[in-house]
Amino acid sequence: MSTEQRIIFCILVFILVAVWLKKSFTKCAFFGAVVLLFGIFSWHERALLVMIFAFALTAVVEKICRKKLRYADENLTQKAGARDIIQLFVNGFCAFLSVFLYTTYQKEVFLWVYVVAVSESLQDSVSSTTGIAFQGKTIDICTFRPITKGLSGGVSLYGTLSGVVSSVLLSAVAVALRIAEGKAIPFIVLSSTVGCLADSFFGSAWQVKYTCPICGTVTEKKTHCFHATVYRSGWKRMNNDVVNFLSNLVACAVCVGLYYWFQAVSVTS
Ligand SMILES: [Zn+2]
C-alpha cells in the first residue's frame, strides 16, 4: 500500500467505527456499508474520498439544521431513525456499480457517473434538510401549490440552491482529487440537479401518500397520532426508497448522455 492508500484506509476505518458507535445504520445496513466502502476503496481509493466528503457534508448540514428537522422527520416522512439496508442500496448502488465498471473498462465516463451518483444523493438530502429548516415557501413541483415542508414532491428556493451549492462543492473535491477534470463540473452539477428535480417530480406525481384520520395531516407514514393512516394518493409500491433509486438512475443516465454529447461536440469543433 502507498502512503496515500494507508491514510485513506485509516480514514475509512475511523468512519466505520464512528458510524458503528453512533448506531446511525441498522446492523444489516452497517455490513452493507462495509462491503460498499471497502469495495470502492479496493477499486479506486481516491474515489472513496468523494463519498466520504458527501457523508461529512450531509452530517454537518444535518447538525446545523437538527432542531428544526425533528418535527418534520417525525411527522411526515419515513426517513427518521437509523438508515436501513434498502436506503443504503438505493443511495449507493449506482455509485458502487460505476466504480466497478471504471475499474473493469477504464472509461472516463464511469468516473463522471460515479461523482454524479454520489452528488445526486448528497444534493437530495441537503435540499430536503435545508428546505425544511429555513424559512420560505415550499411548492409542489407539479401543481405549483404550496405544500407542507418536508413532504416529497415539494421544492423550495433555499433547498434547491443549497443543494446545487453542495453539488458544486462535491464536484470541486472530485476535481481536486483528480477524479474528473474541471470541465466536468457543470455537467456533474447539471445531471445531479436534474436527478433531484426528477426526485421531486416522482415524489409529487407517483409517491404514495396517506392522510392522518385524527389530525388530517398529509404524510408518507403508515401511522400518525398513534393511528393507522388512510391511503390518499400515489402508487402503493412507490415509496421514498423507490423514488430515490429512480432519481439516482435518472441523474446517471443524464450524465452519460451529456458526456457523449460533449465528446461529440469537442471532436467536431
Ligand atoms: Zn395525525
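# A tour of the predicted model

With 27 C-beta neighbours inside 10 Å, L170 counts as buried, since 20 or more is the threshold for that class. The model is predicted, and this residue is the starting point.

**Stop 1: L170.** Select L170 in helix α6, which covers residues 157-176. Then add what L170 touches, leaving aside residues up to four places away in sequence: V50, F53, A54, V115, V118, S119 and L122. One of these, A54, is 116 residues from L170 along the chain, yet the two C-alpha atoms are separated by 6.9 Å.

**Stop 2: A47.** Move to helix α3, residues 45-76, and select A47. Is A47 buried or exposed? A47 is buried, as 25 other C-beta atoms lie within 10 Å. Beyond residues up to four places away in sequence, A47 touches I40, V99, Y114 and I179. For a distance check, draw a line from A47 to S128: these residues are 81 apart along the chain, and their C-alpha atoms are separated by 25 Å.

**Stop 3: α2 against α4.** Show helix α2 (residues 27-43) together with helix α4 (residues 85-105). The axes are 10 Å apart and the packing angle is about 15°. The two helices are therefore roughly parallel to each other, the limit for that label being under 35 degrees. Their crossing is left-handed. To display the contact, select C28, A29, G32, A33, L36, G39, I40 and W43 on the α2 side, and I85, L88, F89, G92, F96, V99, F100 and T103 on the α4 side. Coloured by type, the residues of this contact divide into 12 nonpolar, four polar and no charged. Much of the spacing along a helix in such a selection can be read from one rule: an α-helix has 3.6 residues a turn, so residues three or four places apart point the same way.

**Stop 4: α5 against α7.** Next, display helix α5 (residues 108-133) and helix α7 (residues 185-205). They pack at an angle of about 50°, with axes 8 Å apart, and are therefore oblique to each other. α5 passes α7 in a right-handed crossing. From α5, select W112, V115, V116, S119, E120, Q123, D124 and S127; these meet F187, I188, S191, S192, T193, G195, C196 and D199 in α7. This contact divides into six nonpolar, seven polar and three charged residues.

**Stop 5: α7 against α8.** Keep α7 on screen and add helix α8, residues 240-268. What is the angle between α7 and α8? It is about 145°, with the axes of α7 and α8 8 Å apart. α7 passes α8 in a right-handed crossing. On the α7 side, pick F187, L190, S191, S192, V194, G195, C196, A198, D199, F202 and G203. On the α8 side, pick V243, N244, L246, S247, N248, V250, A251, V254, C255, L258, Y259 and F262. By type, the residues of the contact of α7 with α8 come to 15 nonpolar, seven polar and one charged.

**Stop 6: L197.** Still in α7, select L197. L197 is partly exposed, with 18 other C-beta atoms within 10 Å. Measuring from L197 to L37, C-alpha to C-alpha, gives 27 Å for residues 160 apart in sequence.

**Stop 7: positive phi in two loops.** Most residues other than glycine have a negative phi. Two exceptions can be selected here.

- F144 has a positive phi of about 65° and is not a glycine. F144 sits in the loop between β1 (138-140) and β2 (154-156). With 9 C-beta neighbours inside 10 Å, F144 counts as exposed.
- C225 also is not a glycine, and its phi is positive at about 50°. Find C225 in the loop between β5 (223-224) and β6 (227-228). C225 is partly exposed, having 13 other C-beta atoms within 10 Å.

**Stop 8: α1.** Finish with helix α1, residues 3-22. How many of the 20 residues of α1 are buried? The number is one, so α1 lies largely in the open. The length of α1 can be checked too: at 1.5 Å a residue, its 20 residues should span 28 Å, and the end C-alpha atoms are 29 Å apart, which agrees. Select K23 last; K23 follows α1 and has a positive phi, near 55°.

Conventions: Residues numbered from 1 in each chain as written. Predicted model: local features only at pLDDT ≥ 70, side-chain atom pairs only at ≥ 80, totals over all residues. Helix = DSSP H or I, 4+ residues; strand = E, 2+ residues; numbered from the N terminus. Expected span 1.5 Å × (residues − 1). Buried ≥ 20, exposed ≤ 12 C-beta atoms within 10 Å, placed from the backbone. Axes fitted to C-alpha atoms, helices over the stretch in contact; angles between N-to-C directions. Parallel < 35°, antiparallel > 145°, perpendicular 65-115°, else oblique. Left-handed = near helix turned anticlockwise from the far one by under 90°. Contact = placed C-beta atoms within 7 Å. Nonpolar A, V, L, I, M, F, W, Y, C, P; charged D, E, K, R; others polar.
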